[in-house]
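Student: Could you take me on a close look at one part of this protein? I would like to hear about the aromatic side chains and what surrounds them, and then a little about the metal site.

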Amino acid sequence: MIRLEHIGIAVKDLKSANTLYKQLLGKRHYKTEEVASEHVITSFFKTGQSKIELLEATSPESAIARFIEKRGEGIHHIAFEVEDIEVEMERLKEEGFRLLNEKPKRGADNKLVCFVHPKSANGVLVELCQSIKE
Ligand code: CO
């Protein structure tokens, strides 16, 4: 894995969270993006080499809606950038990790992503992400 790419934070209201994180980080988010397949709308803040991704559910069946219902707002996942997601998925499977998706899927911010089940990572939902080269 190359680096910590971003931390994903589940929020109830993206608009007010954007205002709060602008105050906290001293800068505005640089983009907002809806991922319709995941029923979320996201915004991104740059924090040096890494980013903060805020996620609001757009439907009650969204994983983010269920997370907030169970655990309240807060850190939802941490994401590591990888060079080759398929190679990394294969490596993790061989190491005994449980992956939440069989194939990489398209996530926000022009990335291919795959999630590792929190039960195989000490309660932390881990995202692997690889930039899509256009
Ligand atoms: Co993410």
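Tutor: Happy to; here is a walk through the aromatic pairs, their surroundings and then the metal site. The model is predicted, so to speak of a local feature we ask for pLDDT of at least 70, and side-chain atom pairs count only at pLDDT 80 or more, while totals for chains, interfaces and linings use all residues. Residues are numbered from 1 along each chain as its sequence is written, and side-chain values use heavy atoms, with hydrogens and water left out.

Let's start with the rings. Rings of Phe, Tyr and Trp (its six-membered ring) pair if their centres lie within 6.5 Å; planes under 30 degrees apart count as stacked, over 60 as edge-to-face and the rest as tilted. By this rule there are two aromatic pairs. In one of them, the ring centres of Y21 and F45 are 6.2 Å apart with planes at 50°, so the pair is tilted. Y21 belongs to helix α1 and F45 to strand β3 (residues 40-47), so this pair ties together parts that are 24 residues apart in sequence. Helices (H or I, at least four residues) and strands (E, at least two) are DSSP runs, numbered from the N terminus. For accessibility, buried means under 20% relative accessible area, exposed over 50%, and partly exposed in between (1.4 Å probe, protein chains only). Y21 is buried, at 16%, and F45 is buried as well, at 0%.

Y30 and F44 also form a tilted pair, 6.4 Å centre to centre with 45° between the planes. Here Y30 sits in the loop between α1 and β2 (31-35) and F44 in strand β3, 14 residues apart. Y30 is partly exposed at 33% relative accessibility, whereas F44 is buried at 1%.

Each ring of that pair also has a lysine over it. A charge sits over a ring if NZ of Lys or CZ of Arg is within 6 Å of the ring centre and within 35 degrees of the ring normal. K31 lies over the face of F44, 5.8 Å from the ring centre, and the charged end of K46 is over the ring of Y30, 3.8 Å from its centre.

Back in helix α1 (residues 14-25), have a look at N18. N18 is buried, with 11% relative accessibility. Beyond its neighbours within four places in sequence, N18 is in contact (heavy atoms within 4.5 Å) with H29, S43, F45 and L54. The list thus includes F45, a member of the Y21 pair.

Now the metal. Donors are N, O and S atoms within 2.8 Å of the metal (3.2 Å for Na, K and Ca); water is not among the atoms, so sites may look incomplete. The cobalt ion has as protein donors H6 (NE2), E53 (OE), H77 (NE2) and E127 (OE), at 2.1 to 2.2 Å. E53 in strand β4 (residues 50-57) and H77 in strand β5 (residues 74-81) link distant parts of the chain, 24 residues apart. E53 is buried at 6% relative accessibility, and H77 is buried at 3%. In sequence, the donor residues follow the spacing H-x46-E-x23-H-x49-E.
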